[in-house]
Amino acid sequence: MTATLRLPATRPGSRIMSVGSYRPARVVTNDEIAGRIDSSDEWIRERTGIVERRFAAYDESVCDMALAAAEKALAGAGVAPEAVGMVLLASVTHPYQTPSAAAEVADRLGASKAGALDIGAACAGFCYGLGLADTIVRTGTSEYVVVIGVEKLTDFVSLDDRGAAFIFADGAGAVVVGPSDHPGIGPVVWGADGSQKDAITMTQSWIEYRDEPAEQYPVLTMQGQQVFRWAVGEISKVCTEALEAAGITSDDLVAFVPHQANMRITDAMVRALKLPEHVVVARDIATTGNTSAASVPLALDALIESADLPSGGLALLVGFGAGLAYAAQVVELP
Ligand code: UT7
């Protein structure tokens, strides 16, 4: 007779225990960007809501920034690094194909017993990671999971690209997910439309660059209008599905933390979702720019710092971007 496999005891829920973030020191104004791309402070503010953003230092790496954010999150949760069972790191700008950034960050954190995995879902990567962390904790696979979103987009966007130079920036955010006696992270609604994979892509593959190198090594390029239309048309539906999946309505929310892609996209989603007045909306893009995978945890941390939000209050998170991938869920605030 075949032996029956044993599974760990499941848990009724998981929750975000703490948030930590890291913003590079250098503040970069629109004026500093605009000259090279025949743009202006006024145009950038009007079309994106961005007033300034942060750029990492030349020698500051994705792993350095991820570590700084994860250390703060662990300290906030009161969880020892050795107790972490998994480090999930979402990024598209770690400059090594292998090994993963998560492995380096886990080692530098002292998370000696943790699994380590990078997530390549671009601006949706953090919310994908949160969905995975919830499953890992609820199934009893690990007790504590660190989820990080981090980008150094300045390494992979050309400052001469009129369609992208003004929007992207650098930073890191992290959370610790741990057990809860009730669901503190709602069901994740995720998906991807690979038929639009060229809407945000690289200028060349590494193989093309090897065989016919362009002047610039492969950097990110975006069909801004196409992505804008998709985000405004589709992502509020994804948000509604996440609310329904969690069994709540927008009246139950205290906060809305969308990926900080463009202030006009956030405004359009707020209108489409008919969010009640009392829901506080994250508008971190004004001073942080679009930090892809890092934007949701950075915005969440800033909102918790600045607004008087109740612990346990419900927030709707949504990430969307290259792929075109998306993920949304409702969470209890730490
Ligand atoms: O994070 C991942 C997901 N990414 C996103 O969600 C980004 C989505 N897309 C966007 O946020 C917007 O498409 C952008 C902010 C990237 C661009 O804004 P837009 O309103 O879509 O600009 P556009 O490309 O439609 O261009 C409008 C006008 C054009 O001039 P005319 O033809 O109306 O005279 C452009 O030539 O603005 C001009 N323009 C610029 N002017 C100054 C385009 N880029 C610039 C620029 N500076 N950088």
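**Cysteines, overall form and a five-stranded sheet in a predicted model**

The structure holds zero disulfides. C63 takes part in none, and the cysteine sulfur nearest to its own, that of C123, is 19 Å away. With a relative accessibility of 3%, C63 counts as buried. C239 was examined in the same way. Its closest cysteine sulfur belongs to C127 and lies 9.5 Å from the sulfur of C239, which is too far for a bond, given that a disulfide requires two cysteine sulfur atoms within 2.5 Å. C239 is also buried, and its relative accessible area is 0%. These results, like those that follow, refer to a predicted model.

The protein chain contains 10 helices and 14 strands. Its radius of gyration is 19 Å, close to the 20 Å given by the globule rule for 334 residues, so the chain is as compact as a globular protein of that length. Along the principal axes, the C-alpha atoms of the protein chain fill a box of roughly 65 × 50 × 40 Å. Of the 334 residues, 54% count as buried. The accessible surface of the protein chain amounts to about 14800 Å², and carbon and sulfur atoms account for 51% of this area. When contacts in the protein chain between residues at least 6 apart in sequence are considered, 77% of them join residues at least 24 apart.

Five strands form an open sheet with mixed pairing, in the order 8-14-13-11-12. Strand 8 (189-192) and strand 12 (280-281) stand at the edges; each has a single partner strand, so one side of each is left without a neighbour in the sheet. Helix 8 (residues 263-272) packs on this sheet and touches strand 11 (253-258), strand 12 and strand 13 (314-321). The direction of helix 8 makes about 145° with that of strand 11. Helix 10 (residues 295-306) lies across strand 11, strand 12 and strand 13, and runs at about 145° to strand 11.

At the edge formed by strand 8, the pairing with strand 14 (residues 325-332) is antiparallel and extends over four bridges. Within this pairing, V189 stands opposite A328 of strand 14, and G191 has Y326 of strand 14 as its bridge partner. In a regular strand the side chains alternate between the two faces of the sheet. Strand 8 shows such an alternation: V189 and G191 point to one face and are buried, whereas W190 and A192 point to the other face and are not buried.

A192 was considered further. This residue is found in strand 8 and is exposed, having a relative accessible area of 55%, where exposed means over 50%. Residues up to four places away in sequence being left out, A192 touches L324, A325 and Y326. A192 and A322 are separated by 130 residues in sequence, while the distance between their C-alpha atoms is 8.8 Å.

Terms used:
Residues numbered from 1 in each chain as written. Predicted model: local features only at pLDDT ≥ 70, side-chain atom pairs only at ≥ 80, totals over all residues. Heavy atoms only, no water. Pairing = 2+ DSSP bridges. Helix = DSSP H or I, 4+ residues; strand = E, 2+ residues; numbered from the N terminus. Contact = heavy atoms within 4.5 Å. Axes fitted to C-alpha atoms, helices over the stretch in contact; angles between N-to-C directions. Buried < 20%, exposed > 50% of the residue type's maximum accessible area, 1.4 Å probe, protein only. Rg over C-alpha atoms; globule rule 2.2 N^0.38 Å. Areas by Shrake-Rupley, 256 points an atom, 1.4 Å probe, with all protein chains shown as cover.
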